[in-house]
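Here are some friendly questions about how the labels on a structure are earned. Have a look at the model, then follow the reasoning from value to name.

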Amino acid sequence: LAISLNAPDDDLRSRLMPINRAYPLNVLLDAAREFTKIARRRVTFEYILIDGVNSSRADAEKLARLLKDQRCKINLIVFNEYPDSPFKAPSAKDVSAFQQVLLDRHFTAMLRKSKGSDILAACGQLSGAYQNGENPSE
């Protein structure tokens with residue numbers, strides 16, 4: 001089971017993912033804990049790192065506190081930039097520092113490598129182009 005988390009608190013997660021208003025973190029994490037009991041498997045949390053939004057060392061520490069009782073793996077994904085996006089990818093140094101906070105607290109925290117960003121075909125980019133009326137194959 002992979003869950004898009006993307007924020008260490010309800011306020012930020014609701015701004016990034018409006019579905020959080022219906023299913024706040026406490027509800028989501030309770031369900032994830034129940035899943036791990038029944039399935040006897042870890043949950044994977046997907047966390048997209050966005051510069052200046054959710055990628056600071058303080059954000060990593062908050063995330064570690066949030067997930068401290070959760071049997072899980074964390075996939076860190078650097079934001080895939082695209083033209084006119086209000087968001088940017090954090091620096092490699094910031095990504096490494098974020099990951100290290102989680103590793104120091106004994107989480108499995110993997111940095112997922114993205115492919116296709118050079119042609120705007122990485123995760124989320126094709127959808128964004130299509131929604132904006134652009135033809136991603138041009």
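A residue counts as exposed when its relative accessible area is over 50%, and as buried when that area is under 20%. Please keep in mind that the model shown here is predicted.

Q: Why is Asp84 called exposed?
A: The cut-off for exposed is over 50%. Asp84 has a relative accessibility of 81%, so Asp84 counts as exposed. Its place is the loop between β3 and α4.

Q: What makes the phi of Asp84 worth pointing out?
A: The angle is positive, at about 65°, although Asp84 is not a glycine.

Q: Which value of phi does Asn6 have, and where is Asn6 placed?
A: Phi of Asn6 is near 65°, again positive in a residue other than glycine. Asn6 sits in the loop between β1 (2-4) and α1 (10-16).

Q: How do you know whether Asn6 is buried or exposed?
A: Buried means under 20%. Asn6 has a relative accessible area of 10%, so Asn6 is buried.

Q: Why is Leu29 called buried?
A: The limit is again under 20%, and the relative accessible area of Leu29 is 4%, so Leu29 is buried. This leucine belongs to helix α2 (residues 25-39).

Q: What does Leu29 touch, leaving aside residues up to four places away in sequence?
A: Its partners are Phe45, Leu66, Leu67 and Gln70. As for spacing, the C-alpha atoms of Leu29 and Asp69 are separated by 9.6 Å, with their positions 40 residues apart along the chain.

Q: How many helices and strands are there in the protein chain, and which pattern do they follow?
A: There are five helices and four strands. Along the sequence they read β-α-α-β-α-β-α-β-α.

Q: Why are α3 and α4 called roughly parallel?
A: Two packed helices are described by the angle and the distance between their axes. Here the axes of α3 (residues 57-66) and α4 (residues 92-104) cross at roughly 25° and come within 9 Å. Angles under 35 degrees count as roughly parallel, and therefore α3 and α4 earn that description. The crossing of α3 past α4 is right-handed.

Q: Which residues meet where α3 and α4 are in contact?
A: From α3 come Arg57, Asp59, Ala60, Glu61, Leu63 and Ala64, and they meet Ala97, Phe98, Val101 and Leu102 of α4. Sorted by type, the residues of this contact are seven nonpolar, no polar and three charged.

Q: Which members of the largest nonpolar core touch the most other members?
A: They are Phe45, Leu67, Ile74, Leu76, Phe98 and Leu102, in a core of 23 residues. At least two residues of this core come from each of α2, β2 (43-49), α3, β3 (72-78) and α4. In soluble globular proteins, nonpolar side chains tend to be buried together.

Q: What does Leu76 touch, not counting residues up to four places away in sequence?
A: Its contacts are Tyr47, Leu49, Phe98, Gln99, Leu102, Ala109, Met110, Leu111 and Arg112.

Q: Where does Tyr23 lie, and what does Tyr23 touch?
A: Tyr23 is in the loop between α1 and α2. Not counting residues up to four places away in sequence, Tyr23 touches Arg13 and Leu28.

Q: How many residues does the protein chain have, and what share of them count as buried?
A: The chain has 138 residues, and 36% of them count as buried.

Terms used:
Residues are numbered from 1 along each chain as its sequence is written. This is a predicted model: local features need pLDDT of at least 70, side-chain atom pairs count only at pLDDT 80 or more; totals for chains, interfaces and linings use all residues. Side-chain values use heavy atoms; hydrogens and water are left out. Axes are lines fitted to C-alpha atoms, for helices over the stretch in contact, and angles run from 0 to 180 degrees between N-to-C directions. Angles under 35 degrees count as roughly parallel, over 145 as roughly antiparallel, 65 to 115 as roughly perpendicular and the rest as oblique. A crossing is left-handed if the near helix is turned anticlockwise from the far one by less than a right angle, and right-handed if clockwise. Contact means heavy atoms within 4.5 Å. Ala, Val, Leu, Ile, Met, Phe, Trp, Tyr, Cys and Pro count as nonpolar, Asp, Glu, Lys and Arg as charged, and the others, Gly among them, as polar. Buried means under 20% relative accessible area, exposed over 50%, partly exposed in between (1.4 Å probe, protein chains only). A nonpolar core is a set of buried Ala, Val, Leu, Ile, Met, Phe, Trp, Tyr and Cys residues joined through side-chain atoms within 4.5 Å.
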